[in-house]
Amino acid sequence: MQTTQHELRGIILASVSATFWGVSGAIAQTLFDTTDINSIWLTGIRMLGAGIGFLVYSLIMKVDLWSIWRHPGDLLQVAAYTLLGLMPVQFTYFLAVEASNAATATILQFMGPVFIALWLVVAHHQFPTRSEGIAIFLALLGSFLLVTHGNPAALVISAWALLWGLLSGVSSATNTLLPAKLLTKYSAVTVNTWSMLLGGIIFNMIQPFWSISIPLTVLNVSKLGFVILFGTLLAFLFFLQSLNDIQPTVASLLDAFEPLSATIIAVVWLGVQFEWLDLFGSLLIISTVFVLAIGQRHNDRAAADFHAARQHDDS
């Protein structure tokens, strides 16, 4: 009975964390539509706010944050992860939302594990397993239908939306690959605390949070609070806790709640128009989760790569 209770808790936490990530994208879309903020500003305040939240959580829970400072080489890896992984994945995602909508941006970012599989082919000559090959095909076909509706001569989303969406998927892959060595020595909370703080400081040096004034209404403050607290800090912590209760295969399947929640809210709440080819293409991309999850049972490498890809997305 105890094991069943733990599994149920893990399923709920993983589902809620993925939903938080998806909903935060839709809320960001409303902020772009109704205020003067831009992607740089929102990324900066999100990372800085979440970094402070991680710092407070770490101090309360007595997480070892300081041992990493005794190793300059590891700090350089944190800087590389921040500049080439965490900052780009946050920034390009919001750029894609700003150029299109939360649903399209989230679905295109969901191609991150596919880019990892392609990277393994190019850099390490590790050719895809059968399940990875099927997932790559489904993701490419789904993306083609989503952005062209089957007509390669015309785009149904803007070229900028497509560019930022694909770069969001690529940066999702780098966000996974870069901290791999660090995570063998330090907790994910430690690495992301310093990375979030560093990224937030850098973005605020480019555009300070006080440089743009938005109406401090209860609604706007609540939206920003949700993006920072629920869509970043709690989503990440819930996901980490879920890994103590359920298998990576189950957690990866529940990641589908992220694009599903973003799509449902975009259609129902924000009035985004989706044609049947949009929905079919989206389902093909989301189905890669299930294909890869099935392959995880037979291939440990596929399990590690895919699971890591989702562990660090939107943290």
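Does Ser15 count as buried or exposed, and what is its relative accessibility? The legends below take up this residue and several others in a predicted model.

**Figure 1. Overall fold of the predicted chain.** The model is a prediction, and its secondary structure consists of 13 helices and 0 strands. Followed along the sequence, the pattern is α-α-α-α-α-α-α-α-α-α-α-α-α. The C-alpha trace extends over about 50 × 50 × 45 Å along its principal axes. The radius of gyration of the chain is 19 Å, which agrees with the value near 20 Å for a compact globule of 315 residues. Of the 315 residues, 55% count as buried. Where contacts join residues at least 6 apart in sequence, 86% of them link residues at least 24 apart.

**Figure 2. Surface and charge of the chain.** An area of about 13,900 Å² is exposed by the chain, and 71% of it is supplied by carbon and sulfur atoms. The side chains include 11 positive and 16 negative ones, and the centres of these two sets are 10 Å apart.

**Figure 3. Ser15 of helix 1 and Leu254 of helix 10.** Ser15 belongs to helix 1, which covers residues 2-34. The opening question is answered by its relative accessibility of 13%, at which Ser15 counts as buried; the cut-off for buried is under 20% relative accessible area. Residues up to four places away in sequence being left out, Ser15 touches Leu254 and Phe257. Leu254 lies in helix 10, residues 248-254, and at 13% relative accessibility Leu254 counts as buried. With the residues up to four places away in sequence again left out, Leu254 touches Ile11, Ala14, Ser15, Ala18 and Ile246. The C-alpha atoms of Leu254 and Val227 are separated by 20 Å, with these positions 27 residues apart along the chain.

**Figure 4. Surroundings of Ile27 in helix 1.** Ile27 is placed in helix 1. Its relative accessibility is 8%, so Ile27 counts as buried. Neighbours within four places in sequence aside, Ile27 is in contact with Lys223, Phe226, Val227 and Trp269. Ile27 and Leu224 are 197 residues apart in sequence, yet their C-alpha atoms are 8.3 Å apart in space.

**Figure 5. A polar contact between Thr92 and Ser171.** Thr92 is part of helix 3, residues 72-99. Thr92 has a relative accessible area of 8% and is therefore buried. The side chains of Thr92 and Ser171 are joined by a polar contact of 3.2 Å. Apart from neighbours within four places in sequence, the residues in contact with Thr92 are Trp164, Leu167, Ser168 and Ser171.

**Figure 6. Helix 4 and the cap at its N-terminal end.** Helix 4 comprises residues 102-109 and is mostly covered, with 8 of its 8 residues buried. The buried residues of helix 4 are Ala102, Ala103, Thr104, Ala105, Thr106, Ile107, Leu108 and Gln109. The N-terminal end of this helix is capped by Asn101, a side-chain oxygen of which lies 3.1 Å from the backbone nitrogen of Ala103.

**Figure 7. Leu108 within helix 4 and its contacts.** Leu108 is located in helix 4. Leu108 is buried, its relative accessible area being 1%. Leaving out residues up to four places away in sequence, Leu108 touches Ser143, Leu146, Ala161, Gly165 and Gly169. Leu108 and Gly169 are 61 residues apart along the chain, and their C-alpha atoms are separated by 6.2 Å.

**Figure 8. Positive phi values at Lys62 and His149.** Most residues other than glycine have a negative phi. Lys62 is not a glycine, but has a positive phi of about 60°. Lys62 sits in the loop between helix 2 (39-60) and helix 3. With a relative accessible area of 73%, Lys62 is exposed; the cut-off for exposed is over 50%. His149, a residue other than glycine, has a positive phi near 55°. His149 is placed in the loop between helix 6 (130-148) and helix 7 (159-177).

Methods:
Residues numbered from 1 in each chain as written. Predicted model: local features only at pLDDT ≥ 70, side-chain atom pairs only at ≥ 80, totals over all residues. Heavy atoms only, no water. Helix = DSSP H or I, 4+ residues; strand = E, 2+ residues; numbered from the N terminus. Rg over C-alpha atoms; globule rule 2.2 N^0.38 Å. Buried < 20%, exposed > 50% of the residue type's maximum accessible area, 1.4 Å probe, protein only. Contact = heavy atoms within 4.5 Å. Areas by Shrake-Rupley, 256 points an atom, 1.4 Å probe, with all protein chains shown as cover. Lys, Arg positive; Asp, Glu negative; His and termini not counted. Charge placed at Lys NZ, Arg CZ, Asp CG, Glu CD. Polar contact = N/O pair within 3.5 Å; in protein donor to acceptor, adjacent residues only side chain to side chain.
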